[in-house]
Amino acid sequence: MSDSDNNTTHFGYRDVREDEKAGLVHGVFSNVASKYDIMNDAMSGGVHRLWKDAMMDWLAPRAGQRLLDVAGGTGDIAFRFLKRAKEAEAVVLDMTESMLVEGRKRAEASQRADQLDWIVGDAMALPFEDSAFDVYTISFGIRNVTRIEDALSEAYRVLKPGGRLMVLEFSQLPNPLMQQAYDLYSFNVIPRLGQLIAGDRDSYQYLVESIRKFPDQEAFAALIRAAGFENVSYRNMTFGVAALHSGWKI
Ligand SMILES: C[S@@+](CC[C@H](N)C(=O)[O-])C[C@H]1O[C@@H](n2cnc3c(N)ncnc32)[C@H](O)[C@@H]1O
């Protein structure tokens, strides 16, 4: 998130201008792509899988739907979606090609390669026509996007009327003591795990700081409404460590 007064954002150990952020985020995910899946399990003790399954439970994918999974990385959400929705299609879009390369390898090893498209692109300027998708998902991606409002308005544009937005993202714990304990874990343990497993402490330092700066549940729900979505609601995951937000294009 940028500081509105000086248009900078904190990145790793230094402040960077907003227009530098996308390049730095791209660098982070290019560095960690081959270790991304293993790091996710290590950092969360596998809990991210439960959150992604909860996302699918709430989404309840239906046969024949067309999904756009933005910042889709190695395809965790798209694979889950296709497992639950018969004769469905999924497009995984990400700005970091090496993340998509890892996803493609997974697709080739599964029976789903022909239901998936992998596209390099930017959440803030989607290369799709209006009203092209039934479902738009973004999982642990939106906090990395330079201008969240632009990504949400693009989500609204590419969804069909009646389409659904669902966002899974780290959030804030409403209980201050639990937030303190979580901060202690995330600021001390995650960058060390990043160094140990991915050989990249700075990237994981950035990830932890970006989590702390992301708007809380209510503030993010307000941004989703401001993009035009209706019936916006959210559910906390693991006491608010993460949250799932849902909205509809009516
Ligand atoms: C933490 S990973 C999430 C991957 C996957 N969705 C998951 O839940 O495991 C964040 C991803 O967001 C992508 N990303 C960041 N900013 C983006 C943007 N503006 N447009 C598209 N992808 C973006 C990164 O390249 C990275 O692959």
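**Entry 1: the ligand shell**

For sorting residues by class, I count Ala, Val, Leu, Ile, Met, Phe, Trp, Tyr, Cys and Pro as nonpolar, Asp, Glu, Lys and Arg as charged, and the others, Gly among them, as polar. With that settled, I looked up the shell around the ligand and found 11 nonpolar, six polar and three charged residues. I keep in mind that this is a predicted model.

Which residues come nearest to the ligand? Of the 20 residues around the ligand, I noted Ala71, Gly73, Thr96, Ala123 and Ser139 as the ones that come nearest. I then asked which elements give two or more residues to this shell, and the elements that do so are helix 1 (18-32) and helix 4.

**Entry 2: Ile77**

I turned next to Ile77, whose place is in helix 4. Is Ile77 buried or exposed? A residue needs 20 or more other C-beta atoms within 10 Å of its own to be called buried, and Ile77 has 28 such neighbours, so Ile77 counts as buried. Leaving out residues up to four places away in sequence, I found that Ile77 touches Lys52, Asp69, Gly72, Thr137 and Ser139. I also looked up a pair that lies 74 residues apart along the chain, Ile77 and Ala151, and the separation of their C-alpha atoms is 18 Å.

**Entry 3: the sheet as a whole**

I followed the strands across the sheet and wrote down the order 5-4-3-6-7-9-8, which makes seven strands in an open sheet with mixed pairing. Why is one side of strand 5 and of strand 8 left without a neighbour in the sheet? Strand 5 (116-120) and strand 8 (230-237) stand at the edges and have a single partner strand each, so one side of each stays without a neighbour. From one strand to the next, the twist averages 15 degrees. As a reminder to myself, strands of a sheet pair through backbone hydrogen bonds, and they do so either parallel or antiparallel.

**Entry 4: strands 3, 4 and 5**

Strand 3 (residues 66-70) and strand 4 run parallel and are joined by five bridges, and in one place I looked up, Val70 has Leu93 of strand 4 as its bridge partner. Between these two strands the chain passes through helix 4 (residues 76-84), and the β-α-β crossover is right-handed.

On the way to the edge, strand 4 pairs with strand 5, again in the parallel sense and over five bridges, and the bridge partner of Val91 is Asp117 in strand 5. Here the chain crosses through helix 5 (residues 97-109), in a right-handed β-α-β crossover. I also checked burial in strand 4 (residues 89-94): five of its six residues are buried, so strand 4 is largely enclosed by the rest of the structure.

**Entry 5: strands 7, 8 and 9**

Strand 9 is antiparallel to strand 7, with which it shares seven bridges, and it is antiparallel to strand 8 as well, over six bridges. Which residue of strand 9 is the bridge partner of Arg164? I found Trp248, and Trp248 is also the bridge partner of Glu230. Five of the seven residues of strand 9 are buried, so strand 9 is largely enclosed by the rest of the structure.

Strand 8 and strand 9 form a hairpin with four residues between them, and in the turn I noted Thr238, which has a positive phi of about 45 degrees. Finally, I looked at what lies across this part of the sheet: helix 3 (residues 47-59) lies across strand 6, strand 7, strand 8 and strand 9, and it runs at about 155 degrees to strand 7.

Definitions and conventions. Residues numbered from 1 in each chain as written. Predicted model: local features only at pLDDT ≥ 70, side-chain atom pairs only at ≥ 80, totals over all residues. Pairing = 2+ DSSP bridges. Axes fitted to C-alpha atoms, helices over the stretch in contact; angles between N-to-C directions. Contact = placed C-beta atoms within 7 Å. Buried ≥ 20, exposed ≤ 12 C-beta atoms within 10 Å, placed from the backbone. Right-handed = clockwise from strand over helix to strand, strands pointing away. Near = placed C-beta within 6 Å.
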